[in-house]
Amino acid sequence: MKKTDLDLRALDNADDETAERISEKYTHISESDMERIFKNSRKKYLNGTEEISDKTETGENVVIPQVKHHRKSFLRSISAAAAVLAAGGAAVYGSIYILNHGAADFIPAVRPEQVSESCKVTLGDMYKFYDDEIRICTSAFVPYIIKVPDEERQRLFDVMNSVEWEEADSEYVPDGEYSTVFVCNNGNPYSLKVYPEVLVYSGETEAVYRTDSSISECIYSISENTDRNRDLVWYLYDSITNEGIWESRITVPDSELKMFEKPEIPEDLRDKEIQKAGGIYCYDVIPYEMSNITEQADRIVLGYVEDHYYTVEHNQNGSSTPMTHLTVKTVDGETTDLVLYGEGYISYRDDMWDIIGKTGDKYGDAKSDKEIDKLYYFYGYYDGSDSTRESEELPVPGQLYAFMVSEYMGMDTICSDLCGILCKSGDDFVQKICDEYRHYSLFELQQMVNNNNNKNSSDVSAAASPADFLQVDLPYFEPEESGETVEYTVDEDGVRVFPLN
Amino acid sequence: MTHEELRSELEKSESQAQRKLFDQYCSYVYTIVYSRLRSCCTREDIEECVSDVFADIFSSYRTDRDFSGEVSGFVGTIARRKSADVYKKHISDRITMPIDDEAAQHIAAETDIEEDHAAKELRKEILNMIDALGEPDSVIIMQKYYFDRSSKEISEIVSLSPAAVRVRCGRAVKRLRKTAEQSGLKL
């Protein structure tokens, strides 16, 4: 202790009153520390009693009876089986069965370190319903899986830890509907199929247990109470497996998420002089807020970008529009063409067709035909920024995206360019606006699109008009009634002739 | 929380009851354990001991007993005994003395009622003086000199910059020493 330090050793070994005063005003434990301590306490409480003796070292009797193990009969049998396996190295499944019938009323927990190397991951260890991660799959929501909130998870664990389970034969498994609880226990994934009165464990082995209906009732109540926008996570059908459920939750920080990348210049344009052009739209009117984008979109396309190419659309009035096409393989296995309308490469001649035509194939500083043919413009993709900054990037091939799509000019057009392309990251889909990342669940996005489509269902075709695409509310002026009078004459054909001022 | 409330919570849900008990008494247990072990243990050891205390509380609480009144007495007793055990374990690693050693005969008994009372009064007086500094100075003094936290850690608790914490701490120490001197105490 330094000389300048205050000596508060007098407060050591505080009595009740002092401890209460200090704890009320001065003891500060962060939430994360509290959480850690609590989990540690619960773990110690659930794990066993060997370390807790009847006597403390002070020699005083402390009322600490044997910890009650809250494992049910099948858990005890599994633990016991593991212990037997450690000694004899017998087959797991057989031992479980044998021991289940001969197990004593109370069998102490087998701790992992007491189990031999060959059977370290015991079923008994896997069945501890304490801090495991779980997700629930019910037929009502598939392919959405419920990401169970902590408080609901605890509710389910309490039920699972309190009901009586009995080992049963596979013939007890009914044909009807079931829910699946996917569990991740310290990196060991397994699942429990929950029928009204039967439970099927599916991990490294399979086992059937008879129980009452409280678990399925609890799952039903969780699925009813779930905040769907927040807790429903979309999965590819193929990934709804014991392992797949947990693999897809692995995510990277937003800053490391590579949503878009700059593609190479097309081969046929490499000898051209390419200049960046200003945006074809007024950027003030392109929306980037998801609520506005979903108003435009009539559906969400989920898929992987396989390729891209550029075209130019020649309009009837002689003007031309560049387009970028993304070849997308949807999660349903179909291939579709999604268009970034108004963006991409366009030749100077196509872009300036009307002006070049009017000036005898020359323009401004009198370019030669060769110069005109060599010159191309590139219209960048709107990325939520202002018109001074456009993106040259496109979605990365092989990554899964949600495209907000509306039909425009007979094409599936991506709404708001890059702002309408959301990349899957972990459980969410991420929208990038300039350098900002916004997370959405697919369920939430789908709801937004559905709600807007329902709202506009009476006028679906109107959504395809350019004004709607740009989200422009065209101003409406009510003309004032004029008090002036005009005299006119009627010619011999009956046509009214107004005098010109 | 009373025993009746705890029993009723345990009937509804064991884990939620334990959570409530923990949330309510975590600071209290931590303070008891910390005040006993701060001189010989690391913060990690102290946290470990707090975990042990709650594990003991969870496992030893008997719902079939008809206790009444506040649970704090029960919680405090387990916290004191557990921390005493840990303290002895740590101390015995450093000093061992054969029981038949002559010097051992002169070791004072653990409990001295008169001394305990005097120590309690002293603690009360010191806490009164620290309280009188007012917030955030009292918090800064306790965090710095009792809980051994750095200025940076304290700055997060009192929402001041680390530099401001250091300045206020220096001034508060001077004020506290002055008050203590007037009361005939040396801190």
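**Figure 1. The interface between chain A and chain B in the predicted model.** Chain A and chain B bury about 5500 Å² between them, and 56% of this area is on carbon and sulfur atoms. On the side of chain A, the residues that lose the most area to chain B are L6(A), R21(A) and Y26(A), which together account for 14% of what that side buries. The contact involves 51 residues of chain A and 59 residues of chain B. The structure shown here and in the following views is a predicted model.

**Figure 2. Polar and charged pairs across the interface of chains A and B.** Between chain A and chain B there are 11 salt bridges. One of the pairs in a salt bridge is E35(A) with R19(B), whose closest N and O atoms lie 3.1 Å apart. Polar contacts between the two chains number 25 residue pairs, counted where both residues have pLDDT 80 or more. Three elements of chain A each give two or more residues to the side that touches chain B: α1 (16-25), α2 (31-47) and α6 (150-162). Of these, α2(A) gives the most, with 11 residues. Sorted by class, this side of chain A comprises 19 nonpolar, 13 polar and 19 charged residues.

**Figure 3. The antiparallel sheet of 8 strands in chain A.** The strands form an open sheet in the order β3-β7-β6-β5-β4-β1-β2-β8, with antiparallel pairing. Its edge strands are β3 (166-168) and β8 (232-234) of chain A, each of which pairs on one side only. From one strand to the next, the twist averages 30°. At one edge, β3(A) pairs with β7 (residues 206-210) of chain A in the antiparallel sense over 3 bridges. Within this pairing, A168(A) has V208(A) in β7(A) as its bridge partner.

**Figure 4. Helices packed on the sheet of 8 strands.** Helix α6(A) packs on the sheet and touches β1, β4 (179-185) and β5 (188-194) of chain A. The direction of α6(A) makes about 90° with that of β1(A). The same helix is among the elements that give two or more residues to the side of chain A touching chain B. Helix α7 (residues 214-225) of chain A lies across β1, β2, β4, β5 and β6 (198-202) of chain A. Relative to β5(A), α7(A) runs at about 100°.

**Figure 5. The mixed sheet of 3 strands in chain A.** This open sheet has the strand order β10-β15-β14 and mixed pairing. The edges are formed by β10 (273-277) and β14 (344-347) of chain A, each pairing on one side only. Neighbouring strands are turned by 30° against each other on average, direction ignored. Strand β10(A) pairs with β15 (residues 375-379) of chain A in the parallel sense over 5 bridges. In this pair of strands, the bridge partner of E273(A) in β15(A) is L375(A).

**Figure 6. A salt bridge at strand β10 of chain A.** The side chains of K276(A) and E392(A) meet in a salt bridge, at 2.9 Å from N to O. K276(A) is located in strand β10 of chain A, whereas E392(A) is in the loop between β15 and β16 (394-395) of chain A, so the pair ties together parts that are 116 residues apart in sequence. Over all chains, a search of the whole structure finds 34 salt bridges.

**Figure 7. Antiparallel partners of strand β11 in chain A.** Strand β11 (residues 299-314) of chain A pairs with β12 (residues 320-330) of chain A in the antiparallel sense over 11 bridges. In β12(A), S320(A) is the bridge partner of H314(A). Strand β11(A) also pairs in the antiparallel sense with β17 (residues 400-408) of chain A, over 6 bridges. Here L302(A) has A402(A) in β17(A) as its bridge partner.

**Figure 8. Cis peptide bonds and a positive phi in loops.** Most residues other than glycine have a negative phi, and most peptide bonds are trans. In chain A, a cis peptide bond joins V142(A) and P143(A), with omega of about 10°. P143(A) is placed in the loop between β1 (133-137) and β2 (144-147) of chain A. In chain B, E135(B) and P136(B) are joined by a cis peptide bond with omega of about 5°. P136(B) lies in the loop between α5 (113-132) and α6 (137-145) of chain B. C434(A), a residue other than glycine, has a positive phi, near 55°. The location of C434(A) is the loop between β20 (428-433) and β21 (436-440) of chain A.

Technical notes
Residues are numbered from 1 along each chain as its sequence is written. Chains are lettered from A and ligands numbered from 1 in the order in which they are written. This is a predicted model: local features need pLDDT of at least 70, side-chain atom pairs count only at pLDDT 80 or more; totals for chains, interfaces and linings use all residues. Side-chain values use heavy atoms; hydrogens and water are left out. Contact means heavy atoms within 4.5 Å. Buried area is the accessible area (1.4 Å probe) that two parts lose on being put together, summed over both. A salt bridge is a side-chain nitrogen of Lys or Arg within 4 Å of a carboxyl oxygen of Asp or Glu. A polar contact is a pair of N or O atoms within 3.5 Å; within protein, one must be able to donate a hydrogen and the other to accept it, and residues adjacent in sequence count only if both atoms are side-chain atoms. Helices (H or I, at least four residues) and strands (E, at least two) are DSSP runs, numbered from the N terminus. Ala, Val, Leu, Ile, Met, Phe, Trp, Tyr, Cys and Pro count as nonpolar, Asp, Glu, Lys and Arg as charged, and the others, Gly among them, as polar. Two strands pair if DSSP finds at least two bridges between them. Axes are lines fitted to C-alpha atoms, for helices over the stretch in contact, and angles run from 0 to 180 degrees between N-to-C directions.
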